[in-house]
Protein chains: 2
Amino acid sequence: MSVAAQSSGLEEMFGEQSSLNKSNSDSRHDILVTAANCFRENGYSATSIDDVAHALKATKGMIYHHFRSKADLFFAVYRMGMEINFRATEPHAKGDAPALLKLARMSVAHSIALMREQSFQRVLAQGVALHQQGSTTAAQRETLSELIDIRNSYETLFRKAIEAVAEQHKIKLGDPSIASKSFLAVLNSTVFWYSPREDNQHAEQLTIARELVTYALRGIGADMPEEALTFMEQDNDE
Amino acid sequence: MSVAAQSSGLEEMFGEQSSLNKSNSDSRHDILVTAANCFRENGYSATSIDDVAHALKATKGMIYHHFRSKADLFFAVYRMGMEINFRATEPHAKGDAPALLKLARMSVAHSIALMREQSFQRVLAQGVALHQQGSTTAAQRETLSELIDIRNSYETLFRKAIEAVAEQHKIKLGDPSIASKSFLAVLNSTVFWYSPREDNQHAEQLTIARELVTYALRGIGADMPEEALTFMEQDNDE
DNA sequence: TTGACAACATACTCGGTAGTATGTTCCTCT
DNA sequence: AGAGGAACATACTACCGAGTATGTTGTCAA
């Protein structure tokens, strides 16, 4: 991981034991990954705890040992999804690159993280849906609101970047809120139609990301800076 | 309804007794509307037939008298959602207006229909999700595939229009498939964040539609033709 | 008048599921 | 060594919800 610990406020947001930190508790992490897949494939309420347990070749008791309730498990998966996004995007938002290049890099990173971690991203969408419904208990409702806040602050990251570009390039945006929502809608659209092919995933994902970001940027009246793609080459995990 | 019966292939697609045809069976129509709301608020699997019945101030038996199963009900709602979209959009696709104006009008009409009939549109999104999962029986799977086909043919309507614009205005699209997916993603994004205000819905919706279509068109490198908005003024139901 | 059928309402079955209560195993610390 | 607890597995409860079976009411036709 190239952009490791630069103390960027992520710890405050997600707590000491990051979900990405596999060291402390392997099985908790395994549950999260498996649950994310189940939620993606069947949706929250159509997924039973037993389903997750079975996919893990474990039992219900094991899951309830790590999570208080099904909702709790869902929230944890949601958190991890958001954390993935932040870790991918935030470093680019903090650099001192020109506004347009910054936005483009954020977008590419976001787009690729989205395709790499499909399961978690789909859970995020369900989280919003769950929030619009009524979640049962008061505590759950509070937790959900907190999660939505995290999501909103993520969107704000993009909106700020977009407005910076608009200002610097003297573009008028109409309603900046709608512009940024459209912008993210384009980047997020892969959730609905992309599924990874075996062949050359990384190359394919880069191509798609390039197209999407080009489109999204043109939507706000800016042109894709080609340097935005060069940074992606080094950090391949596994 | 200004663009009534011009025999545009809709009858073949949705059968003789259109879901929009309230004459024959009022209660069936009522069920569809209520079910759409329930599905929107709680999602498919979290909505029970009893929920729908209760919202209708009727009983479970009444619903099962009109629909064989919960899945059947869902499919019917889905169909009606698609029909709403087709009826709103297809007339504009058939005119002999210039390509860009045609696309713009289709987009505005689609966008506004989306905001007016929120409940049904959210069901459409769930339909795609359900399709990606495994639906239980073979018959259901077949029906779902058929519905997805309808949806695809709707998307094709837009893709054709987009490609026509690209050709006529000598725009190069990169991957046309991704471009049209992004295009629709922008138009459809309201599903996730728009909820109607009491005040002046129609004006508000027009404003939003205008912003969205402007963004979407710029994404493919085209400019919003202002005449595209003028047609919307007459046909206000109720 | 009656009988047949549509349009529901009521009452019930039965499988699935969240959550709990209670083992069992193993590891660690003293 | 053994006491205690973490990390599970097993067994059970209680409820909910889809689907069904059967009752009731109105209506229309012969």
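The following exercises, with worked solutions, concern a predicted model and treat its protein interface and its DNA-binding surface in turn.

**Exercise 1.** Describe the extent and make-up of the interface between chain B and chain A.

*Solution.* Step 1: count the participants. In chain B, 30 residues are in contact with 30 residues of chain A.

Step 2: state the area. The two chains bury about 2,500 Å² between them, with 58% of it on carbon and sulfur atoms. On the side of chain B, Ile178(B), Tyr215(B) and Arg218(B) lose the most area to chain A, together 25% of what that side buries.

Step 3: assign the elements. Those of chain B that give two or more residues to this side are α2 (26-42), α7 (118-132), α9 (176-188), α10 (190-193) and α11 (201-219).

Step 4: classify the residues. The side of chain B that touches chain A holds 14 nonpolar, 10 polar and six charged residues.

Step 5: examine the pairings. Between the chains there are zero salt bridges, whereas seven residue pairs are in polar contact.

**Exercise 2.** Determine which residues and elements form the surface near DNA strand C.

*Solution.* Step 1: list the nearest residues. Of 14 residues around the strand, Ile49(A), Lys60(A), Ser27(B), Thr59(B) and Met62(B) come nearest. Sugar and phosphate make up 59% of the strand's atoms that come within 4 Å of the protein.

Step 2: locate the phosphate contacts. Polar side-chain atoms lie 2.9 Å from a phosphate oxygen in Ser27(B), 3.2 Å in Tyr64(A) and 3.3 Å in His66(B).

Step 3: assign the elements. Helix α4 (60-66) of chain A and α4 (60-66) of chain B each supply at least two residues, and α4(B) gives the most, with four.

Step 4: classify the surface. Four residues are nonpolar, eight polar and two charged.

Terms used. Residues are numbered from 1 along each chain as its sequence is written. Chains are lettered from A and ligands numbered from 1 in the order in which they are written. This is a predicted model: local features need pLDDT of at least 70, side-chain atom pairs count only at pLDDT 80 or more; totals for chains, interfaces and linings use all residues. Side-chain values use heavy atoms; hydrogens and water are left out. Contact means heavy atoms within 4.5 Å. Buried area is the accessible area (1.4 Å probe) that two parts lose on being put together, summed over both. A salt bridge is a side-chain nitrogen of Lys or Arg within 4 Å of a carboxyl oxygen of Asp or Glu. A polar contact is a pair of N or O atoms within 3.5 Å; within protein, one must be able to donate a hydrogen and the other to accept it, and residues adjacent in sequence count only if both atoms are side-chain atoms. Ala, Val, Leu, Ile, Met, Phe, Trp, Tyr, Cys and Pro count as nonpolar, Asp, Glu, Lys and Arg as charged, and the others, Gly among them, as polar. A residue is near a molecule or strand if one of its heavy atoms lies within 4 Å of it.
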